[in-house]
Amino acid sequence: MIPSLSELKAKGYGVLICGHGSRNKLAVEEFAQLAEGLRSKLSGIPVEHGYLEFAKPILRDSLDRLREQGVQRVLAVPAMLFAAGHAKNDIPSVLNTYSAETGLPIDYGRELGVDRLMIAAAGARIREALDQASPFPLSDTLLVVVGRGSSDPDANSNVAKVTRMLVEGFGFGWGETVYSGVTFPLVEPGLRHGVRLGFRRIVVFPYFLFSGVLVSRIRQHTDLVAADHPETEFLTASYLGDHPLVLDTFLERVAEVLGGEAVMNCSLCKYRAQVLGFEDEVGLAQASHHHHVEGLTDGCDLCERECTGACQPDGVPLPLGSSASSHDHSHGYDHSHGHDHSHDHGHHPYPHAEHPLGPKTLRSGPSKYEANDAET
């Protein structure tokens with residue numbers, strides 16, 4: 001039986017929401033808003049949020065803050081849609097190091113994952129987009145779900161499962177899954193493929209928690225393909241944000257930690273099992289690759305508030321530590337590994353980095369796809 005809020009407070013529990021961090025002011029504001037929503041639902045329990053990089057407070061500072069409030073045990077939940085490198089390596093590394101240094105017990109929860117509440121929240125965002133458009137048969141509509149993209153096939157496959165759940169839930173004519181970076185297919189070639197299927201309406205849904213350069217890039221690539229195909233109607237649904245059902249999913253994750261039910265999908269984890277094509281990554285040491293930018297908050301001045309992707313027009317982040325005024329600045333994006341960044345975090349090489357519809361094509365610009373599209 002899960003203790004009541006008053007019991008949790010009496011036992012010295014606190015909650016830490018672990019985010020990645022962003023230089024996008026809107027994304028940071030949205031994350032803080034989500035944390036505030038959870039704080040109100042966990043009334044009386046200390047709740048803090050922190051980031052791996054590019055925003056403050058960093059995770060260690062938030063843990064310090066919880067200790068200052070008398071917290072004796074922390075329930076840490078990753079604010080990640082799926083479990084890839086950040087949830088499996090980077091965040092646990094920071095938490096384990098802090099716990100070892102201070103003696104503060106930290107119980108780690110699992111990612112939001114493929115969950116009935118998350119599917120319902122996604123469905124609500126898609127319904128909002130449909131309700132704002134003219135009536136049109138769902139059976140004649142293509143749904144394209146855009147995932148962040150990861151070098152972890154387990155995380156990528158979960159996006160595909162979300163797509164199928166939404167396609168069957170609504171009764172769409174077809175569904176496609178594309179990604180904003182790292183893996184394949186990317187947004188633009190994926191959408192051009194979708195156009196060839198002949199559907200007269202395409203709904204593009206970014207399965208993201210918050211705003212950022214990746215969401216902006218999705219919109220830009222959608223507009224690019226739409227301009228080439230005026231015969232097809234494109235609708236863009238909103239990302240998840242702090243939808244009430246997303247908040248409810250976080251509460252479920254906290255409850256799972258308390259109940260000892262925070263179990264990840266180890267059978268398909270490339271670090272624990274011989275996953276096809278990723279066999280040489282089994283047993284890699286757990287480590288965080290974000291120390292060099294932890295707490296770095298120098299903002300990008302190319303955009304007012306919401307990132308437009310102006311800092312990386314060809315999809316490649318500009319070098320770290322340069323000046324934005326010269327259009328050569330450091331990471332004006334949400335650094336979510338939904339991109340092909342140039343500085344070395346020590347990541348294991350992604351085996352499909354050279355896939356023709358994958359990461360390297362971010363550098364090639366739209367002309368390649370326009371030419372291929374014209375030939376069909």
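## Helix packing around helix 5

Helix 5 and helix 6 are oblique to each other, because their angle falls outside the classes roughly parallel (under 35 degrees), roughly antiparallel (over 145) and roughly perpendicular (65 to 115). The contact between them is made by Ile-119, Ala-122, Gly-123, Ile-126, Arg-127 and Leu-130 of helix 5 with Val-162, Met-165, Leu-166 and Phe-170 of helix 6. Contact means heavy atoms within 4.5 Å. By class, eight of these residues are nonpolar, one is polar and one is charged. Nonpolar covers Ala, Val, Leu, Ile, Met, Phe, Trp, Tyr, Cys and Pro; charged covers Asp, Glu, Lys and Arg; the others, Gly among them, are polar. The crossing of helix 5 and helix 6 is right-handed, meaning the near helix is turned clockwise from the far one by less than a right angle.

This is a predicted model, in which local features need pLDDT of at least 70 and side-chain atom pairs count only at pLDDT 80 or more, while totals for chains, interfaces and linings use all residues. Residues are numbered from 1 along each chain as its sequence is written, and side-chain values use heavy atoms, without hydrogens and water.

Helix 5 also packs with helix 9. Both pairs are listed here.

| Pair | Angle between axes | Axis distance |
|---|---|---|
| Helix 5 (residues 116-131) and helix 6 (residues 153-170) | about 55 degrees | 10 Å |
| Helix 5 and helix 9 (residues 244-259) | roughly 170 degrees | within 8 Å |

Axes are lines fitted to C-alpha atoms over the stretch in contact, and angles run from 0 to 180 degrees between N-to-C directions. The second angle makes helix 5 roughly antiparallel to helix 9. Here Arg-116, Leu-117, Met-118, Ala-120 and Ala-121 of helix 5 meet Leu-245, Val-246, Asp-248, Thr-249 and Glu-252 of helix 9. This contact has six nonpolar, one polar and three charged residues.

Helix 6 also holds Asn-156. Asn-156 counts as buried, at 9% relative accessibility. Buried means under 20% relative accessible area, with a 1.4 Å probe and protein chains only. Asn-156 and Ala-84 are 72 residues apart in sequence, yet their C-alpha atoms are 8.8 Å apart.

In helix 3 (residues 59-68), Leu-59, Ser-62, Leu-63 and Leu-66 are buried. Seen down the axis, the buried residues of helix 3 fall within an arc of 100 degrees, so they line one face. Gly-70, just after helix 3, has a positive phi of about 90 degrees.

Overall, the protein has ten helices and eight strands. Helices (H or I, at least four residues) and strands (E, at least two) are DSSP runs, numbered from the N terminus. Of the 376 residues, 53% are buried.

How values were computed. Buried means under 20% relative accessible area, exposed over 50%, partly exposed in between (1.4 Å probe, protein chains only). The arc is that of the directions from the helix axis to the C-beta atoms.
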